[in-house]
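Biologist: Let's walk through this structure together. I will ask, and you will reason each answer out.

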Amino acid sequence: MNLQVGAKLIGVGKAVPRSVVTNADLEGLVDTSDEWITTRTGIRQRHVVSEGETATGLAIEAAKDAIGFAALDPAKIDLIIVATSTPDNLYPSTACMVQAAIGAKQAAAFDMEAACTGIIYALAVGQQFIGSGTFKTVLMIGVDVHSRFLNWEDRNTCILFGDGAGAFIMQASQKENENDMLATYLRADGSGGHLLCIPNSGVHYPHVGTTPEKATHRFLQMNGRAVYEFAINAVPDAVKTACARAGIEVKDIDFLVPHQANQRIIKAAAERLGFSPKQIVSNLDQYGNTSAASIPLAMADALMRKQIIPPAVCVLVGFGGGLTWGSAIIRWTAFDQRQITQENQNKEKTIGSTI
Ligand code: ACO
């Protein structure tokens with residue numbers, strides 16, 4: 001890739017709704033069991049929005065968390081990209097609402113949609129703006145509230161998804177020849193669009209005079225087996241191709257940070273690639289499939305619980321509706337600035353008390 005300016009990831013953040021729906025809760029809604037859901041998917045619980053909680057609200061919270069991580073002045077942000085399939089409104093865009101709420105007065109802002117691969121597409125777009133020298137600091141957010149599009153009587157789909165938001169902050173490198181975005185890879189295959197879709201959710205949906213039968217068509221629909229097959233091939237393809245572009249081998253990667261859709265997909269793909277269990281980042285059991293949010297959510301948790309300790313080479317891999325898939329190989333070097341401040345304050349207190 002012929003980009004003039006190197007890019008660094010300097011922040012990550014997350015936000016989830018307050019309310020938790022456990023597998024046991026779902027046993028009361030559909031004919032399922034905790035045992036079936038856990039063994040087939042790895043999911044134990046998911047967070048779901050309650051009244052008053054919105055996609056925009058979650059995106060703002062995740063953005064503030066990432067800004068805190070990076071200790072960044074929001075006025076320095078040049079561009080906000082929000083990847084979402086479930087915005088609160090067609091417009092104003094979620095990105096514009098975030099821009100106002102966080103005080104990013106100088107920032108341009110737009111939404112984009114690539115389903116669960118959205119945050120990978122956003123990272124690739126952000127890198128282009130930085131690499132070309134157009135912008136210095138880009139905030140990328142993935143947010144989805146799929147609970148509003150689930151048929152809570154369909155056990156095939158309602159058990160899989162959770163709501164949430166995750167964010168990354170990318171900045172132009174200050175040093176010559178420094179670049180932590182080692183490679184990106186984006187793919188799409190629209191011929192498989194029907195395998196995972198929310199039909200009639202856009203302007204095709206006849207709001208006026210809608211019959212109840214038509215109204216049910218606004219639910220997420222999925223051919224689970226076909227999506228599973230697609231995913232276990234898409235992940236190795238995305239990892240291997242990005243490695244080739246970065247000029248590295250899979251064995252040079254420290255961590256696999258995959259889209260959190262299903263533990264069996266993650267395990268099967270990781271085994272094909274030769275990753276050991278401790279190299280796999282997963283928090284699917286806590287949040288379910290949060291779509292565009294899942295990769296930064298997984299990254300934020302892995303850093304917090306010190307599974308990933310910087311510096312580390314990570315491959316982020318997304319796949320989902322469209323169909324879309326893609327990857328980004330990154331060198332993660334950033335530490336949470338709030339923790340560093342806290343540790344320094346604690347040190348000062350200790351020194352003060354011993355004098
Ligand atoms: N509880 C109990 N039984 C269930 C449930 C449930 N929640 N859901 C399905 N079943 C039943 C089916 O009805 C079927 O019963 P039958 O044999 O009597 O017909 C049986 O379990 C087996 O169904 P399968 O669909 O074959 O189950 P499978 O092992 O394939 O698991 C699953 C289903 C979990 C959906 C799997 O196919 C999968 O994970 N696919 C990928 C889904 C995915 O990741 N989607 C999103 C990715 S992209 C994105 O993130 C937007």
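**Helices, ligand and loops**

Modeller: A starting point: α3 passes α4 in a right-handed crossing. Keep in mind that this is a predicted model.

Biologist: How are α3 and α4 set to each other: parallel, perpendicular or oblique?

Modeller: Helix α3 covers residues 55-70, and helix α4 covers residues 94-102. Their axes come within 9 Å and cross at roughly 50 degrees. Angles under 35 degrees count as roughly parallel, and 65 to 115 as roughly perpendicular. The angle of α3 to α4 fits neither range, so the pair is oblique.

Biologist: What is the handedness of the crossing of α7 and α8?

Modeller: Take the angle before the hand. The axes of α7 and α8 come within 9 Å and cross at roughly 40 degrees. That makes α7 oblique to α8. The crossing of α7 and α8 is right-handed.

Biologist: Which element gives the most to the shell around the ligand?

Modeller: The ligand is surrounded by 23 residues. At least two residues of this shell come from each of α2 (34-41), α7 (224-246), α8 (263-273) and β12 (312-320). The top contributor, with 4 residues, is α7.

Biologist: How many residues of the shell are charged?

Modeller: Sort the shell by residue class. There are 10 nonpolar residues and 8 polar ones. The charged residues number 5.

Biologist: Which side chain has an N or O atom 2.6 Å from a nitrogen atom of the ligand?

Modeller: Look at the ligand atom in each pair. Arg225 has a polar side-chain atom 2.8 Å from an oxygen atom of the ligand. His259 also pairs with a ligand oxygen atom, at 2.6 Å. The side chain 2.6 Å from a ligand nitrogen atom belongs to Thr32.

Biologist: How much of the ligand's accessible area does the protein cover?

Modeller: Start with the ligand on its own. Its accessible area is then 1000 Å². The share covered by the protein is 75%.

Biologist: Where is the residue that a cis peptide bond joins to Gly322?

Modeller: The bond joins Gly322 and Leu323, with omega about -10 degrees. Strand β13 covers residues 324-332. Leu323 is found in the loop between β12 and β13.

Biologist: Which residue follows Pro310 across a cis peptide bond?

Modeller: Omega of this bond is near 0 degrees. The residue lies in the loop between α10 (294-304) and β12. The bond runs from Pro310 to Pro311.

Biologist: What is phi of Ala71?

Modeller: First, place the residue. Ala71 is found in the loop between α3 and β4 (79-83). Its phi is positive, in a residue other than glycine. The value for Ala71 is near 50 degrees.

Conventions:
Residues are numbered from 1 along each chain as its sequence is written. This is a predicted model: local features need pLDDT of at least 70, side-chain atom pairs count only at pLDDT 80 or more; totals for chains, interfaces and linings use all residues. Side-chain values use heavy atoms; hydrogens and water are left out. A residue is near a molecule or strand if one of its heavy atoms lies within 4 Å of it. A polar contact is a pair of N or O atoms within 3.5 Å; within protein, one must be able to donate a hydrogen and the other to accept it, and residues adjacent in sequence count only if both atoms are side-chain atoms. Accessible areas come from the Shrake-Rupley method with a 1.4 Å probe; for residues, only the protein chains shown count as cover. Ala, Val, Leu, Ile, Met, Phe, Trp, Tyr, Cys and Pro count as nonpolar, Asp, Glu, Lys and Arg as charged, and the others, Gly among them, as polar. Axes are lines fitted to C-alpha atoms, for helices over the stretch in contact, and angles run from 0 to 180 degrees between N-to-C directions. Angles under 35 degrees count as roughly parallel, over 145 as roughly antiparallel, 65 to 115 as roughly perpendicular and the rest as oblique. A crossing is left-handed if the near helix is turned anticlockwise from the far one by less than a right angle, and right-handed if clockwise.
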